[in-house]
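Hi,

Here is the structure I promised to pass on. Have a look at it first, and my notes follow below.

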Amino acid sequence: MAEEVILGYLAKNEEIADSGEFAAKQGLNHDDIVNVIKSLHGFRYVDAQDIKRETWVLTDEGNMYAAAGSPEGQLFFAIPAEGGIPREELQKKLDPLVFKIGCAQAAKNKWVDMGKLVSRKVEHVEDRVKDLLLQIKDGQVIDQDDIKALKGRKLIATQTWNGYSVKKGPNYAPQRKKFAADLTREMLQSGEWKNSEFKEYNFNAKGAAIEGGHLHPLNKVRHQLRMIFLQMGFEEMPTDRFVESSFWNFDTLFQPQQHPARDAHDTFYLKAPSTTKELPEDYVERVKRVHESGGYGSRGYDYDWSREEANKNLLRTHTTAVSSKMLYLLAQKPFTPKRYFSIDRVFRNEAVDRTHLAEFHQIEGLICDRGLTLGDLMGVLHDFFSRLGMSKLRFKPAYNPYTEPSMEIFSYHEGFGKWVEVGNSGMFRPEMLLPMGLPEDVRVIAWGLSLERPTMILYGINNIRDLFGHKVDLGLIKINPICGLGV
């Protein structure tokens with residue numbers, strides 16, 4: 001409808017000077033007129049020039065006073081014509097804001113006497129503020145001094161009006177041609193395509209962005225690390241059980257039951273099911289014996305080992321619980337050297353800050369073979385970390401309950417210009433391995449590190465909560481680059 005009116009009008013007239021006035025005369029919605037003008041201008045049926053006008057409109061407060069009267073007017077007419085009214089009673093008749101503004105403006109205009117009894121000082125007043133607001137609402141022009149006064153009281157505000165002046169364009173026609181967008185089967189069969197005009201293809205137009213899945217930075221780094229382990233001949237351990245018993249998580253690792261790490265302040269214990277029902281009884285007895293009285297060259301810890309404590313279920317605090325189980329299963333068969341690794345989630349009851357979370361990912365690697373030494377461990381660590389791009393390593397003696405000797409691993413970070421700790425390592429103790437049933441000459445070398453720390457360094461993330469958890473920005477997931485680990 002609007003398109004026909006515009007093209008028909010231009011067929012008899014040179015131009016439409018003002019789209020707003022044109023819409024009003026034709027009885028059409030101005031927004032509809034504007035949309036049609038934009039479309040016709042795009043196809044060069046018309047040439048359109050912008051028109052911008054600033055007009056005054058009432059604010060919400062201004063609309064309220066245009067309907068009910070200004071605060072000073074409302075206050076004046078609430079006072080009896082003869083006598084006065086107590087201030088408290090007058091206040092009850094009016095809105096608190098209207099009363100406050102009305103008192104100030106009415107006193108300023110010398111309309112009322114604001115004593116204990118509020119009374120009129122004049123017989124009749126003209127609510128000029130209300131009249132001015134109604135004039136602006138009707139689109140009338142008022143004096144600049146009045147505009148300034150109303151604006152100062154925040155009763156009016158400027159609004160920019162956008163419209164167009166329109167003339168015929170180079171492709172003008174009284175009626176728009178309809179261009180075919182597609183060559184259809186029916187058009188080919190009927191021969192209609194011969195007389196049809198088709199839309200031009202815009203080969204520079206960009207298609208809609210395709211939304212798809214995006215890999216999290218942790219998953220990218222995890223995949224790269226997994227490939228490195230597999231290239232080194234390691235076999236991945238099954239780590240799909242987040243819940244473990246205290247027996248596999250602590251006791252099999254020769255970690256005493258009074259160790260601080262087993263306290264509820266450091267470990268998440270389950271309420272239901274609170275205990276495990278399946279443990280290898282003969283192995284449990286050997287673990288109990290080595291804790292209480294030692295063996296295999298050890299004095300043990302000399303305390304009463306508790307089966308109830310070992311049965312408690314918890315969220316695993318390290319993937320070494322899985323390593324222990326895998327080594328036990330390995331010991332039940334004729335010995336075969338193995339290389340195992342895992343990358344999965346662990347849980348610790350820690351205070352959350354920029355470098356710590358209650359759940360994170362642990363990377364663990366171990367080699368089980370005859371006659372392994374600390375030198376073998378150092379050599380494997382140099383091989384592993386060099387594949388991560390860390391060629392400069394240092395080792396520092398450390399203590400772990402289930403490894404002896406133990407070493408902290410440091411790498412020189414070129415960006416930081418200093419040595420930074422990147423992991424922990426050691427050789428599993430005989431008190432851990434021999435109760436499993438492994439041969440006496442079998443040694444196990446192992447190391448572990450977190451997945452989050454190298455990921456944060458690679459992607460320049462300073463707060464671990466920006467990498468993992470509910471506060472992660474989804475934009476980071478969509479735009480983070482490929483993992484260049486070891487490249």
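Let's start at the surface: at 38% relative accessibility, Trp193 counts as partly exposed (buried is under 20% relative accessible area, exposed over 50%, partly exposed in between, with a 1.4 Å probe and protein chains only). You'll find Trp193 in the loop between helix H10 (185–190) and H11; helices (H or I, at least four residues) and strands (E, at least two) are DSSP runs, numbered from the N terminus. Together with Leu183, Leu188 and Phe198, Trp193 forms a nonpolar patch on the surface, with about 390 Å² of accessible area in total. Patches take residues with over 30% relative accessible area and no salt bridge, joining nonpolar side chains (Val, Leu, Ile, Met, Phe, Trp, Tyr) within 5 Å and like charges within 9 Å. The areas come from the Shrake-Rupley method with a 1.4 Å probe, and for residues only the protein chains shown count as cover.

Before going on, please keep in mind that this is a predicted model: local features need pLDDT of at least 70 and side-chain atom pairs count only at pLDDT 80 or more, while totals for chains, interfaces and linings use all residues. Residues are numbered from 1 along each chain as its sequence is written, and side-chain values use heavy atoms, with hydrogens and water left out.

Now the inside. The largest nonpolar core has 36 residues, and Leu225, Leu381, Phe384, Phe385 and Trp447 touch the most other members. (A nonpolar core is a set of buried Ala, Val, Leu, Ile, Met, Phe, Trp, Tyr and Cys residues joined through side-chain atoms within 4.5 Å.) Among the elements giving two or more residues to this core are helix H11 (217–231), helix H16 (374–386) and strand E15 (442–450). Leaving out residues up to four places away in sequence, Phe384 touches Leu225, Ile228, Phe229, Met232, Trp447 and Leu449, where contact means heavy atoms within 4.5 Å. There is also a second, separate core of 30 residues, which includes Val284, Met326, Leu327 and Leu438.

On cysteines: the structure holds zero disulfides (pairs of cysteine sulfur atoms within 2.5 Å). Cys103 counts as buried at 10% relative accessibility, and Cys368 is buried too, at 0%.

A search of the whole structure finds 16 salt bridges, meaning a side-chain nitrogen of Lys or Arg within 4 Å of a carboxyl oxygen of Asp or Glu. Three to look at:

- Arg153 pairs with Glu72, the closest N and O atoms being 3.0 Å apart. The two are 81 residues apart, with Arg153 in the loop between helix H9 (144–152) and strand E6 (156–168) and Glu72 in helix H5 (residues 71–78). Arg153 is partly exposed at 22%, whereas Glu72 is buried at 3%.
- Arg226 and Glu236 meet at 2.7 Å, N to O. Arg226 lies in helix H11 and Glu236 in strand E7 (residues 235–236), so this pair ties together parts that are 10 residues apart in sequence.
- Asp344 and Arg316 meet at 3.6 Å, N to O, and both are buried.

One last residue: Arg348, in the loop between E10 and E11, is partly exposed, with a relative accessible area of 28%. Not counting neighbours within four places in sequence, the contacts of Arg348 include Asp266, Phe268, His318 and Gln362. Arg348 and Asp263 are 85 residues apart in sequence and 11 Å apart in space, C-alpha to C-alpha.

Cheers
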